[in-house]
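Work through the following exercises with the sequence and the structure at hand. Each task is followed by a solution in steps.

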Amino acid sequence: MSPEAPRATPRGPVDATRVPRYGGPPTFARLPRLDEVSRADVTVVGLPFDTGVSYRPGARFGPGHIRAASKLLRPYNPALSTAPFGTQQVADAGDLGLNPFDITEALATTEAGLRGLAEDGSTLLALGGDHTLALPALRALASQHGPLAVVHFDAHLDTWDTYFGAPYTHGTPFRRASEEGLVDLERSVHLGTRGPLYSEQDLEDDALLGFSVIRADDYETDGTARAVERMRRRLEGAPVYVSVDIDVLDPAHAPGTGTPEAGGLTSRELLHTLRGLVGANVVGADIVEVAPAYDHAEITGIAAAHVAYEILSVLALNSAAARS
Ligand code: MN
Ligand code: MN
């Protein structure tokens, strides 16, 4: 769109003064479906798939759970002084139909589906599903933007080689992505890493694949502001892909996930860090590993919905800055 072209007023969520927030459509944040708007600046899409998990299954039900919890979101974000649904059109494309019995086919379907949704320049926010899906997302977006600075929030490195001989699992997407040249080796970072590894070699391999590490413990010793500063310095001007494994949060803040690790971030620390992406060139994002069967009182779903909301707020501010 040229800068002079008039922008239509975005269609926002159902008005909560007319339909209470616990009612209304089952789309993310009660936003319009993609087929109800002419074009979306940001497309939310569900990826119900968990055939790549190594411990507890259940993330295939994540997209619906995050959408259900997202009904509580309100239109104005005071932390960033922005209305994420008011200055950009956000719409929900529903779920992709992913083969639960064939990982390779599911990855191909995801890549093709995301490529199609991003074709017109729409920014993608994918709701998983397990972390295997970050690989086809990176394939789709790197074909458009070149190698991406991956901002990876996770208790785990997800740069293992294989598991039981399988190359495509939720513990391996970033090794495959790095091998395929999809990752900017100077600009990528893990945040929130912690917990036991298989061996010290895991960390040595990981460093070679292009990631720097901001550990969960660094939040404790250096504080959140320092983590944000390190993250921002790492990214510089690169196109950024944000991948949020909800297990980056402590199990107290996100019990509903497949591979929990004690000693994680609080939801406050995660949301604050995400706000540090204002001004970064975010071209896509995912929120994965929400497994509702292990959730209690919607704790994990609510955390994931707020993570999505902060990312959408960052995108709203960044696109407004790009237009001005
Ligand atoms: Mn993880
Ligand atoms: Mn992960």
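**Exercise 1. Two helices and their angle**

Task: Decide how H2 and H3 are oriented to each other, and list the residues of H2 and H3 that make the contact.

Solution. The model used here is a predicted one.

Step 1. Two packed helices are described by the angle between their axes and the distance between the axes.

Step 2. For H2 (residues 103-118) and H3, the axes come within 8 Å and cross at roughly 40 degrees.

Step 3. Angles under 35 degrees count as roughly parallel, and 65 to 115 as roughly perpendicular. H2 and H3 are therefore oblique to each other.

Step 4. The crossing of H2 and H3 is right-handed.

Step 5. On the H2 side, the contact is made by Leu107, Thr110, Glu111, Leu114, Arg115 and Ala118. On the H3 side, Leu135, Pro136, Ala137, Arg139, Ala140, Leu141, Ser143 and Gln144 take part.

Step 6. Sorted by class, the contact of H2 with H3 has eight nonpolar, three polar and three charged residues.

**Exercise 2. Helix H8 and its partners**

Task: Describe how H8 crosses H9 and how H7 crosses H8.

Solution.

Step 1. The axes of H8 (residues 267-275) and H9 cross at roughly 15 degrees and come within 9 Å. That makes H8 roughly parallel to H9.

Step 2. H8 and H9 have a right-handed crossing.

Step 3. From H8, the residues Leu270, Leu271, Leu274 and Arg275 meet His306, Val307, Glu310, Ile311 and Val314 of H9. The residues of this contact divide into six nonpolar, one polar and two charged.

Step 4. Turn to H7 (residues 224-235), whose axis comes within 9 Å of that of H8, with a crossing of roughly 35 degrees. The crossing of H7 and H8 is right-handed.

Step 5. Thr224, Val228 and Met231 of H7 make this contact with Glu269, His272 and Thr273 of H8. By class, there are two nonpolar, three polar and one charged residues in the contact of H7 with H8.

**Exercise 3. A residue of helix H9**

Task: Is Ala303 buried or exposed, and which residues does Ala303 touch?

Solution.

Step 1. Locate Ala303 in helix H9 (residues 299-323).

Step 2. Buried means under 20% relative accessible area. Ala303 has 9% relative accessibility, so Ala303 counts as buried.

Step 3. Leaving out residues up to four places away in sequence, Ala303 touches Ile246, Leu249 and His253.

**Exercise 4. Two manganese ions**

Task: List the protein donors of the manganese ion (ligand 1) and of the manganese ion (ligand 2), then find which residue coordinates both.

Solution.

Step 1. The manganese ion (ligand 1) has as protein donors Asp154 (OD), His156 (ND1), Asp245 (OD), Asp247 (OD) and Asp247 (OD), at 2.0 to 2.6 Å. Along the chain, these donors follow the spacing D-x1-H-x88-D-x1-D.

Step 2. Asp154 lies in the loop between strand S4 (149-153) and helix H4 (173-179), and Asp247 in the loop between strand S7 (239-245) and H8, so the pair ties together parts that are 93 residues apart in sequence.

Step 3. For the manganese ion (ligand 2), the protein donors are His131 (ND1), Asp154 (OD), Asp158 (OD) and Asp245 (OD), lying 2.0 to 2.2 Å from the ion. Their spacing in sequence is H-x22-D-x3-D-x86-D.

Step 4. Compare the lists: Asp154 coordinates both the manganese ion (ligand 1) and the manganese ion (ligand 2), which are 3.2 Å apart.

Step 5. Check the accessibility of some donor residues. Asp154 counts as buried at 0% relative accessibility, Asp247 is buried at 2%, and Asp158 is buried with a relative accessible area of 3%.

**Exercise 5. Backbone exceptions**

Task: Which residues does a cis peptide bond join, and what is the phi of Ser81 and of Phe164?

Solution.

Step 1. Most residues other than glycine have a negative phi, and most peptide bonds are trans.

Step 2. Gly128 and Gly129 are joined by a cis peptide bond, with omega about 10 degrees. Gly129 is in the loop between strand S3 (123-128) and helix H3 (134-145).

Step 3. Ser81 is not a glycine, yet its phi is positive, near 50 degrees. The loop between helix H1 (62-69) and strand S2 (90-95) contains Ser81.

Step 4. Phe164, also not a glycine, has a positive phi of about 50 degrees. Phe164 lies in the loop between S4 and H4.

Step 5. Exposed means over 50% relative accessible area. At 82%, Phe164 therefore counts as exposed.

How values were computed: Residues numbered from 1 in each chain as written. Chains lettered and ligands numbered in written order. Predicted model: local features only at pLDDT ≥ 70, side-chain atom pairs only at ≥ 80, totals over all residues. Heavy atoms only, no water. Helix = DSSP H or I, 4+ residues; strand = E, 2+ residues; numbered from the N terminus. Buried < 20%, exposed > 50% of the residue type's maximum accessible area, 1.4 Å probe, protein only. Contact = heavy atoms within 4.5 Å. Axes fitted to C-alpha atoms, helices over the stretch in contact; angles between N-to-C directions. Parallel < 35°, antiparallel > 145°, perpendicular 65-115°, else oblique. Left-handed = near helix turned anticlockwise from the far one by under 90°. Nonpolar A, V, L, I, M, F, W, Y, C, P; charged D, E, K, R; others polar. Donors = N, O, S within 2.8 Å, 3.2 Å for Na, K, Ca; no water.
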